[in-house]
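Q: Please take a close look at one part of this model, the nonpolar interior, and then follow the chain outward from there to the surface that faces the nucleic acid.

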Amino acid sequence: MSFNFKGLNEEQQKAVQCTEGPVLILAGAGSGKTRTLTHRIAYLLLEKKVKPSSVMAVTFTNKAAREMRSRIEEILGSTIAPLWMGTFHSICARILRREAEHLGLGQNFTIYDVDDQVRALKKVIALLSVPQQIYSAKLIQNRLSRVKNRFLFPADLEKMEPQDGLDEYLPDIYREYQKYLMSNNAVDFDDLLLKPIELFNKNEKIRKKYADKFRYVLVDEYQDTNHAQYLFIKKLVQDHHNICVVGDEDQSIYGWRGADISNILNFNKDFPEASVFRLEENYRSHDNILKAANAVVKNNESRIGKNLWTKLQAGDKIRLYEADDELDEAKHIVEVIHDEMFTKKRNFRDIAVLYRTNAQSRVIEDALRKNDINYTIVGGTRFYDRKEIKDILAYLKIIVNPADSISLKRIVNFPLRGIGETTISKIEKFAEIEQIILFEALGRVEEIASISPAMSARVLEFYKLIKNFIGLSSELSLVELVSTLTSETGIMHHYQTEYDQYESESRVENIRELFNSIEQFTEERKRDKQPADLAAFLEEVSLLTDVDTWNQANSAVTLMTLHAAKGLEFPVVYITGLEMGLLPLQRTMAQLAELEEERRLLYVGMTRAEENLYLSYTRQRRRYSSSVVNTPSLFLDEIPSELIEMITSGKGKTSVGRGRKKSRSKKIQAYFEHAGSQIDEDSEFKVGQPVYHATFGKGKIVSLEGRGENMKITVYFTDEDITKKLIKQYANLSPIEAT
DNA sequence: CAGCTGTATCTTTTT
DNA sequence: GATACAGCTG
C-alpha cells in the first residue's frame, strides 16, 4: 500500500517526502502547516519505517502537541506513544528528569514559575544588599531571564561592559540565585532549556545518546524560538542534519520574550544544503480578509516576503467600527454576536474576540455577561495561578521535594498557625549555620535557644504534619492524597469560613475543580500507561498554559489576547482597540523593530478569521484611572479602503465619520513619507550628528528617512555596539556636541 | 504575631 | 481599580 497524499497540494507533498537533511518550510498563515507536519511524520513512520522513538517534534503549545499526536495516530491507525512531542519546556523537563543526577539535581526537582523566581530573587538581593528601591525583584527577574535565554552565564556577563547600574550587580545576583535554586533542588523556566544544553556541552556521551536517539527532529513555529532553544536543537542535529523547521517570519510575535527572528531568517546560513519549501496557498480566509492582512504586513521591512493567495471567494468586507469609548465598543461586540448568531446562524464557538492587553477583557466580559452570552476567557490569571490552588500546590511541592523552601515559606503559616516572620527567619539562620535545608531545620527547632518551647511545639506540629504526608504520598492515590490534605491542613475549612459567601463559594469550587483535574490527569496517564505520580502531575501543571486547557468545542465565545490566538482559527474574529498607543502599544512605537512586531501581531489576529472580520477602535478609552483620547491605529490606514466597510453607531455618525477620515489619511501620509522624499533641511538631525538616547546611550546618526515628526532615524550606538532604527516623534533623541 | 489601613504600582504580550 | 506591601496597632 502506498502513502496516501490525498488533500495535500504539490508543494506540501514535496515537503512531506523530503525526509533527509535540513528542511525549511516557510508556511504562511492558514496554508495547511499542521497538515503538512502531521503527514510528514506519518510518512516517516509508514514509508521510511522510522521508529516513533527516533522522532522528536517540538510544538509551541501542549495543546498543539496533543492534537498533532492524535491526528497522526488517526492516519496510522496505531498509537505512537514513544514519539516525543511537546513544547521545548516539556521536552527539556523530560530530559532533565532523566539526567538530573549528572547536574547535581535530585530527580524530584521543583520547577519555579515567575512568582517563585521573584521570591527567590528577593532573598538573594537582600543578601547582596542590592538597592531594592531602584532595582525591583521583578525587574531583575526580567533582565535575568533575557540573559539566560541568550545562554549567557555569570562569567560571560563579567566579560561584558556594564550598560547600567543593574549590570554591575547582575553577575553576582545571577550566581547567588542559581546557588539558591540548587539548594532548593529547583530550576526555573529558563533552566529547563539551559541545563540540558549545559549537560550536552560538558558530557559528549550523553549528547551523543540523545542525538543518536532522535534521528529526526521537527520544530514548529520556528520563528518564535530563542537562542537557547536554537542551541538545544543544534546540539541534537549536528551529526545527522535531519532537521525540519516550519515557520512564518510574519507571525513572529515573541521578540520581547527573547525569540530571535534571525533563527528562521538565517536557517540557510546554518544549513547551506537545506531544501526550502514555500506554502503560500491559504485555505482558511476569504479573499478580502487575506488581501487586507497582506496589505498590512507588507509594510514590514524585516521579512523574507511571500505572496499568500487563496482560491476562496472574496467574501464580506472587513467591518470597521468607531466606538465612543470602551463601553460602546463592548456594546457593539454584543450586537455583532447577536447578528452573527441570528442572521448567519452561527454558534457561540464560532466567534473570537481578540485584544492587545488582558486588561481590555473586563469591560467586554461585563457586557457579554449582562446579555447572557456564554464566553470563555483564555489567559489572564491561569487557573493554576489562583491563590487557593497555588497554596495547595505548594503543599504538594514540599511533599515531593522537601528542599523547596520557597513553597515551604508560602504555607508554613497558612492556614494561620501562629508561626510568624520572625520565627521563620530564626530557623532560616539556623539552617544556614547547620548547612541543612529549611525543612530539616523545622524538625530541629528545639535546638534554637531564642525560640520559646510553645512556639517550638507549633513548628514541630507542622513538621510532623508534612512528614506524615510524605509517608502517605506513596500509599494513597493522588486524589485521595490531595483531598486528605485539604481537609487535614484546614485549607478547606479556611476557605469555607473565612470569606464572604460569594468568594467562599468560588474558591471552594476552584478547589473541587482541582480535584477534577487531578482525576482527569490520573485517567489520561493510565490510558497512556505512564505513572500518575505527584511529581508528574506537578510538572504538567507548571508547564501548562491557558490555551492548553481551552476547549473550542464548548459553546461559548472565546476572549483572548492576540498572542494567545496564534495557531487558532475562527469563522468570525473581532479585534478590538486598534488605536495608537494600544495597538501598536505606546512603548513599542519608537523603535521600528518593535513597531513591526506589533504589526505582525495584528496580522496574526486578522489571519485567524475565516469568513468575517471585525475591527474597532475607540475615540476615548479609560486607561488606569483617567480617560485618554485616541487616534486610530496607523495600521488601519494600511488596509485598502475598498476592503473596508465603515460602521458607525446610531448617534452623530456622519460628522464623526467625515472628520476622522481626513485626519487619518493625513497622519498616515506623514508617517510613511518614504526614502524618496526630500530630506528635511531644517531638522536638527543630520547624518553624522552625534546624539544621546536615555536607554542606548551615545550614538551617531547613520541615515534618515522621511521628514518631520515621523522621520525614521537610524542610529549606531557606540556603547552598545548596535544599530537601531528609531521614529523621531517617540524616540526622545537629543543632539549632543561632537566629542 | 495578626489584622488593619493607606499607598504605590501596575498594564504588553507568556513558557 | 485591583492588589501587594509596608507600617502601625492591639
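A: In this predicted model, a convenient starting point is isoleucine 233, which contacts Val58, Phe88, Val217, Val219 and Ile243, leaving aside residues up to four places away in sequence. Ile233 belongs to the largest nonpolar core, a set of 68 residues, and is listed with Ile140, Val219, Phe232 and Ile243 as touching the most other members. At least three residues of this core come from domain 1 (10-97 + 194-279), and at least three from domain 2 (110-184). Separate from it is a second core of 56 residues, with Ile398, Phe414, Val459 and Leu534 among them.

Histidine 241 sits in the loop between helix H11 (227-237) and strand E7 (243-247). His241 is not a glycine, yet its phi is positive, at about 60°. Its relative accessible area is 24%, so His241 counts as partly exposed. A positive phi of about 60° is also found at lysine 345, again not a glycine. Lys345 is placed in the loop that joins helix H15 (326-342) to strand E10 (351-355). With a relative accessible area of 68%, Lys345 is exposed.

Phe414, named above as a member of the second core, is followed by a cis peptide bond to proline 415, with omega near -10°. Pro415 is in the loop between helix H18 (405-411) and H19. Another cis peptide bond runs from leucine 583 to proline 584, with omega near 10°. Pro584 is located in the loop between strand E13 (570-575) and helix H27 (592-606).

The remaining part is the surface near DNA strand B. This strand is surrounded by 24 residues, and the closest are Arg356, Thr422, Thr423, Thr545 and Arg587. Of the strand B atoms that come within 4 Å of the protein, 59% belong to sugar and phosphate. Helix H19 (residues 421-434) supplies the largest share of the surface near the strand, with three residues. Classified by residue type, the surface holds nine nonpolar, eleven polar and four charged residues.

Individual polar contacts reach both base and phosphate. A polar side-chain atom of arginine 356 is 2.5 Å from a base oxygen of DNA strand B. For asparagine 413, a polar side-chain atom lies 3.1 Å from a phosphate oxygen of the strand. Glycine 418 instead uses a backbone N or O atom, which is 3.0 Å from a phosphate oxygen of DNA strand B.

Note on methods:
Residues numbered from 1 in each chain as written. Chains lettered and ligands numbered in written order. Predicted model: local features only at pLDDT ≥ 70, side-chain atom pairs only at ≥ 80, totals over all residues. Heavy atoms only, no water. Near = heavy atom within 4 Å. Polar contact = N/O pair within 3.5 Å; in protein donor to acceptor, adjacent residues only side chain to side chain. Helix = DSSP H or I, 4+ residues; strand = E, 2+ residues; numbered from the N terminus. Nonpolar A, V, L, I, M, F, W, Y, C, P; charged D, E, K, R; others polar. Core = buried A, V, L, I, M, F, W, Y, C linked by side-chain atoms within 4.5 Å. Buried < 20%, exposed > 50% of the residue type's maximum accessible area, 1.4 Å probe, protein only. Domains from an automatic or database assignment. Contact = heavy atoms within 4.5 Å.
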